[in-house]
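This report walks through one protein model. It takes up a helix, the annotated positions, the nonpolar cores and the salt bridges.

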Amino acid sequence: MSPRATTKRRPPMTGLVLTAGGARGAYQAGVLKRISEIKAFKRGPSPFQIIAGASAGAINGATLACHQSNLQQGAETLARLWGELNFDSVVRYDLPTMANTARKMVMDMALGGIIGGGRLDALMNTAPLRAFLGAHMDFSSINDSIKRGHLYALAITATGYHSGKSYTFVQGANKHPLWNKSRRVALQTEMTLEHVCASAAIPVVFPPVPLSVNGGTAYFGDGALRLTTPLSPAIRLGATRLLAIGVRCANAADDLLRTELAQGDGVAPEHMQRPPLSQILGVFMNAIFLDHLDADLDHLKRMNDLISAYPPRLRGKPTHAVSEPMRIVKPLSISPSEDIAVLAKTLAHRMPRTLRYVMDGLGTPDAKSADLTSFLLFDSAFTRELIQLGYRDTAKRADEIEAFLME
């Protein structure tokens, strides 16, 4: 990804990038709640003309876009959505439903070679989630915000299960940019609840979601699967400033790295042992949801340095060496100051008994690596803690964030 401008020059626009993370998405709600309380934005429209989200970030981005004319109202709705979240509003986990899932799995694994497989498409039934999200979103207001100029574009990314490509669905102002790259496609659409549900369909855990594409029907899953450059949709839509909200504590990741490297001294930490399947799955989820933002921010900073060194008279103009005009895009990122995985471990007992039984069967990971639980802990006690964490982290940087958004 590179910070590329569109061919038509537009006024500077601020983009909001909301990353994936399952239940960790509640942290973003806390960040946005505190931003909405900044005096300059109280009771006024959102300062984010472009909103781009994937997975849990799609839920947050769409909710905010539905209240684009009033940032504080949107942020409060978002905090209420996550604060009221519980397993009953996301999945069905009663004994008959779980038994039916187990039956399909056994038939596919044990008898699939004889009688054919494909009965099971996910581990959980997410029928309640659609009704829960629908109660908090009114997509009819998005067009009105676009007409008023409060919103330039809302972009939601999902992964096509047939092509494996990353699809970014965009609802925006007339003649907004679209693209078709080797692994990424952008399509103009009228945003619906199905787009949000598709983007948030965690692979294997949640079932695929059918969406209408060019008059046909295709199946989609979590937007973070193939979106290795989460800043790209907002940049391609024309953002010149980006506020990105992640859901991973950088210090926690560094601590885990130091623990692994310490073994080179010949002294293995006591807790370092063969990882159970739960820990392996946690690392797998990290690779999908958490690792891309930091890498993409590093890439953007390198590209900004390159453009700064480029002759000023050639910036923003196509040359024989650059197929698209380029520009500097200024980023600011916010991420948790505390390890969400450890917090999830302390509240894992709040997971429903049937689900906890399944999780326990996968083994007990190291507490700091218990990321799998943190993605799936759809419980208000956990999400409210994350909302408060996001609120506190943002309060500490409120002046910096206000200066960045008012620049």
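**Helix 10**

The buried residues of helix 10 are Ser278, Gln279, Gly282, Met285, Asn286, Ile288 and Phe289. The model is a predicted one. Helix 10 covers residues 277-289, 13 residues in total. From first C-alpha to last, helix 10 reaches 18 Å, close to the 18 Å expected at 1.5 Å a residue. Its buried residues are covered by elements including helix 11 (292-308) and helix 14 (371-376). Phe289, one of the buried residues of helix 10, returns below: Phe289 is in contact with Ser55, and Phe289 also touches Asp222.

**The annotated positions**

An unreviewed UniProt entry lists Ser55 and Asp222 under "active site". They are spread over 168 residues of sequence, yet they cluster in space, with a largest C-alpha distance of 5.6 Å. Of these residues, Ser55 is included in the lining of the largest cavity.

Ser55 sits in the loop between strand 2 (50-54) and helix 2 (56-65). Asp222 sits in the loop between strand 7 (216-221) and helix 8 (232-236). Are these residues buried or exposed? Ser55 is buried, at a relative accessible area of 1%. Asp222 is buried too, at 0%.

What does Ser55 touch beyond four places in sequence? Its contacts are Ala20, Gly21, Ser199, Ala200, Asp222, Gly223 and Phe289. With its neighbours within four places likewise left aside, Asp222 has contacts that include Ala20, Ser55, Thr159 and Tyr161. Asp222 also touches the run Ala198, Ser199, Ala200, Ala201, Ile202 and Pro203.

**Nonpolar cores**

The largest nonpolar core has 88 residues. Which members touch the most other members? They are Leu133 and Phe206. Outside its neighbours within four places in sequence, Leu133 is in contact with Ile59, Leu81, Leu193, Val196 and Cys197. A second core is separate and has 21 residues, among them Ile50, Ala52, Ala186 and Ala239.

**Salt bridges**

The structure holds seven salt bridges. Three of them are tabulated here, with the distance between the closest N and O atoms.

| Pair | Closest N and O atoms |
|---|---|
| Asp144 and Arg148 | 3.3 Å |
| Glu338 and Arg392 | 3.5 Å |
| Arg350 and Asp379 | 2.5 Å |

Asp144 and Arg148 both belong to helix 6 (residues 140-148). Because they are four residues apart there, about one helical turn separates them. In an α-helix, with 3.6 residues a turn, residues three or four places apart point the same way. Asp144 is partly exposed, with a relative accessible area of 37%. Arg148 counts as exposed, at 55%.

Glu338 forms its salt bridge with Arg392. Glu338 lies in the loop between strand 9 (330-334) and helix 12 (340-346), and Arg392 lies in helix 15 (residues 380-396), so the pair ties together parts 54 residues apart in sequence. Glu338 is partly exposed, at 42% relative accessibility. Arg392 is partly exposed at 35%.

Arg350 pairs with Asp379. Arg350 is in the loop between helix 12 and helix 13 (353-361), and Asp379 is in the loop between helix 14 and helix 15, so this pair ties together parts 29 residues apart in sequence. Which partner is buried, and which partly exposed? Arg350 is partly exposed, at 40% relative accessibility. Asp379 counts as buried, at 8%.

Technical notes. Residues are numbered from 1 along each chain as its sequence is written. This is a predicted model: local features need pLDDT of at least 70, side-chain atom pairs count only at pLDDT 80 or more; totals for chains, interfaces and linings use all residues. Side-chain values use heavy atoms; hydrogens and water are left out. UniProt positions are given in the numbering used here, feature names are shortened, and annotations may be inferred rather than shown by experiment. On a 1 Å grid over the protein atoms alone, a cavity is a set of points where a 1.4 Å probe fits but cannot get out, and a pocket is an open set with protein on both sides within 12 Å along at least five of seven lines; lining residues have an atom within 4 Å of a point. Helices (H or I, at least four residues) and strands (E, at least two) are DSSP runs, numbered from the N terminus. Buried means under 20% relative accessible area, exposed over 50%, partly exposed in between (1.4 Å probe, protein chains only). Contact means heavy atoms within 4.5 Å. A nonpolar core is a set of buried Ala, Val, Leu, Ile, Met, Phe, Trp, Tyr and Cys residues joined through side-chain atoms within 4.5 Å. The expected span of a helix is 1.5 Å times one less than its number of residues. A salt bridge is a side-chain nitrogen of Lys or Arg within 4 Å of a carboxyl oxygen of Asp or Glu.
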